[in-house]
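Take a look at the structure below. A few questions and answers will then walk through parts of it.

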Amino acid sequence: MTDSSDMHLIEHCIRSELVHQGSFLQLRKDTVRLPHGGEATREYVVHPGAVAVIGLLDDGRVLLERQFRYPVGRVMIEFPAGKLDKGEKPLVCAQRELLEETGYTAREWAYAGPLHLAIGYCDEVIHVFFARGLTAGERRLDADEFLDVCSMTPEQLLKGVQGGQVTDAKTLSCCVWLQNVQSGAWSLEWQAV
């Protein structure tokens, strides 16, 4: 969404080239016209979008995962998340990912908002959801998915952020939502599903 007062900042695409088409990601290289009339190159990843789920357990803990992430070469602590399938609605994806990765289903859901993960080189938007009234069940992991389900109190999670054990950007952003919702500063519209 661009305001008319921002027109002096806008870049316009002159040419767009598909550099690589992966199984779900694209790499594009665009030539853009800059606000002053010059040209520049923009390389970026086209992503189908994703969801992240802040699962609230009845005892006050939050539902998390530990998963090895190949690009950074380490096991990360993060909120459950996953990519949108073509044409899939974000809430449906959030419900699916929560069940597949953790085995939990939720009685109530609330949409928090969008999160743009890496705006300098990717168009990915992550839709952040809260889930409560959780019921444990059996996970349905993909054949190439290996992760541990865990939980922490919000205080333990924030201590992990402070100590550098939790560094995943979407999880850090979700912590802002979690703190503000729990403090009452931000409200959510819950819906039963």
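The questions below concern a predicted model.

Q: Is H8 buried or exposed?
A: H8 sits in the segment before strand 1 (12-21). Its relative accessibility is 54%. The cut-off for exposed is over 50%, so H8 counts as exposed.

Q: Which residue has its backbone oxygen 3.2 Å from a polar atom of the H8 side chain?
A: H8 lies in the segment before strand 1. Its C-alpha atom is separated by 5.8 Å from that of P35, 27 residues apart along the chain. The backbone oxygen at 3.2 Å from the H8 side chain belongs to another residue, S5.

Q: Which residues make a nonpolar surface patch of about 370 Å²?
A: One member, V75, is found in strand 6 (residues 74-78). V75 is partly exposed, at 38% relative accessible area. The patch is made by F68, Y70 and V75.

Q: How many of the 13 residues of helix 1 are buried?
A: Helix 1 covers residues 90-102 and reaches 18 Å from its first C-alpha to its last. That is close to the 18 Å expected at 1.5 Å a residue. Among its buried residues are L91, C93, A94 and L98. Helix 1 is largely enclosed by the rest of the structure, because the buried count is 10.

Q: Which residue with a positive phi follows helix 1?
A: Helix 1 spans residues 90-102. The residue that follows has a phi near 85°. That residue is G103.

Q: Where does E88 lie, and which side chain makes a polar contact with the side chain of E88 at 2.8 Å?
A: E88 lies in the loop between strand 7 (81-83) and helix 1. At 16% relative accessibility, E88 counts as buried. Not counting residues up to four places away in sequence, E88 touches K83, C93 and R96. The polar contact at 2.8 Å is with the side chain of R96.

Q: Which residues are linked with E88 in a network of salt bridges?
A: E88 is in the loop before helix 1. R96 and E97 are buried residues of helix 1, and so is E100. These residues belong to the network, whose members besides E88 are K83, D85, R96, E97 and E100.

Q: Is E78 buried or exposed?
A: E78 has its place in strand 6. Leaving aside neighbours within four places in sequence, its contacts include L64, E65, Q67 and D168. Its relative accessible area is 1%. Under 20% counts as buried, so E78 is buried.

Q: Which two side chains make polar contacts with the side chain of E78 at 2.9 Å and 2.6 Å?
A: E78 lies in strand 6. At 2.9 Å, the partner is R69. At 2.6 Å, the partner is K170.

Q: How many residues apart in sequence are the parts that E78 and K170 tie together?
A: The side chains of E78 and K170 meet in a salt bridge, at 2.6 Å from N to O. E78 lies in strand 6 and K170 in helix 3 (residues 169-183), so the pair ties together parts whose separation in sequence is 92 residues.

Q: Which residue meets K170 in a salt bridge at 2.8 Å?
A: K170 is buried, with a relative accessible area of 7%. The residue in question also counts as buried, at 15% relative accessibility. It is D168.

Q: How many salt bridges does the count come to?
A: One of them joins D59 and R61, with the closest N and O atoms 2.5 Å apart. R61 is partly exposed, at 29%. The count comes to 13.

Key:
Residues numbered from 1 in each chain as written. Predicted model: local features only at pLDDT ≥ 70, side-chain atom pairs only at ≥ 80, totals over all residues. Heavy atoms only, no water. Helix = DSSP H or I, 4+ residues; strand = E, 2+ residues; numbered from the N terminus. Buried < 20%, exposed > 50% of the residue type's maximum accessible area, 1.4 Å probe, protein only. Polar contact = N/O pair within 3.5 Å; in protein donor to acceptor, adjacent residues only side chain to side chain. Patch = residues over 30% accessible without salt bridge, like charges linked within 9 Å, V, L, I, M, F, W, Y side chains within 5 Å. Areas by Shrake-Rupley, 256 points an atom, 1.4 Å probe, with all protein chains shown as cover. Salt bridge = Lys/Arg side-chain N within 4 Å of Asp/Glu carboxyl O. Expected span 1.5 Å × (residues − 1). Contact = heavy atoms within 4.5 Å.
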